[in-house]
Amino acid sequence: PKPASEPAKAKDVPAGAVALVKPHAEWDYLAGRDAPKDWATVPFVPEASAGWKSGPAGFGYGDDDDVTVLKDMQNRYTTVYVRTEFELEPGEKERITDLGLVISYDDAFIAYLNGHEVLRVGVEKGSGASAKGIESHNAKGYEYFSLKDALKYLTDDDNIIAIEGHNVRASSSDFSLDPYVVAVKQSTPAE
């Protein structure tokens, strides 16, 4: 079955959360190559000549729940890099009380906000091609991870959320990386 246009919310998503990056939004992605060191930063430009493409989330193969199917991944590579931008109006970041990553994943990932690592799940050490200790995890639908400690990295204007997804081995029967980003904001006082 293909994904619904509006995915089911993870049960732990806070009430009142709004999407900063909508489900199945366009992301730039790099598959089958290693990303350069600065790939998760705001100034980095993902160039087609360097292998970057764009497509809607979820990325993967093998389990019929992916929107952007990586047909060549199995038996060839184990890491996929995705990144997208979201904007905050001046003063908006001060009103955000919680930031969250909602993600369906198989097997592991590392998330970055504006170039800073903010979450590591199932990757023991290293990153990119040097990542070690990848743990197996079958996608069970969307899971919520609070990024409250990452609020300090938000900026007015452009922000980049970047995620490197890891498969436990190249011969794995499937891979999934299907993220979106939510925020809880303080309500503004009525004027």
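Which residues touch the most other members of the largest nonpolar core? In this predicted model, they are Trp-27, Leu-101, Phe-109 and Ile-163, out of 36 residues in that core. Strand E7, which runs over residues 96-106, gives the most to it, with five residues.

Let's stay with Phe-109 for a moment. Setting aside its neighbours within four places in sequence, Phe-109 is in contact with Leu-101 and Ile-163. Its other contacts include Ile-103, Leu-119, Val-121, Val-123, Phe-145 and Leu-177. Arg-120, Glu-164 and Gly-165 are among its contacts too.

There is also a second, separate core of 14 residues, and Leu-30, Phe-44, Ala-108 and Tyr-112 are among them. Two of these names come back when you look at the aromatic rings: Phe-44 and Tyr-112 form one aromatic cluster together with Trp-39, Trp-52 and Tyr-81.

Now for the ring pairs, of which the structure holds nine. Trp-39 and Trp-52 make a stacked pair, with 6.4 Å centre to centre and 25° between the planes. Both tryptophans lie in the loop between strand E2 (26-31) and strand E3 (53-56), so their pairing ties together parts that are 13 residues apart in sequence. Trp-39 counts as buried at 5% relative accessibility, and Trp-52 is buried with a relative accessible area of 5%.

Tyr-142 and Tyr-180 meet in another way: their ring centres are 5.3 Å apart and their planes stand at 70°, so this pair is edge-to-face. Tyr-142 sits in the loop between strands E11 (132-134) and E12 (143-146), while Tyr-180 belongs to strand E14 (residues 175-185), so the pair ties together parts 38 residues apart in sequence. Both Tyr-142 and Tyr-180 are buried.

Note on methods:
Residues numbered from 1 in each chain as written. Predicted model: local features only at pLDDT ≥ 70, side-chain atom pairs only at ≥ 80, totals over all residues. Heavy atoms only, no water. Phe/Tyr/Trp six-rings, centres within 6.5 Å; stacked < 30°, edge-to-face > 60°. Helix = DSSP H or I, 4+ residues; strand = E, 2+ residues; numbered from the N terminus. Buried < 20%, exposed > 50% of the residue type's maximum accessible area, 1.4 Å probe, protein only. Core = buried A, V, L, I, M, F, W, Y, C linked by side-chain atoms within 4.5 Å. Contact = heavy atoms within 4.5 Å.
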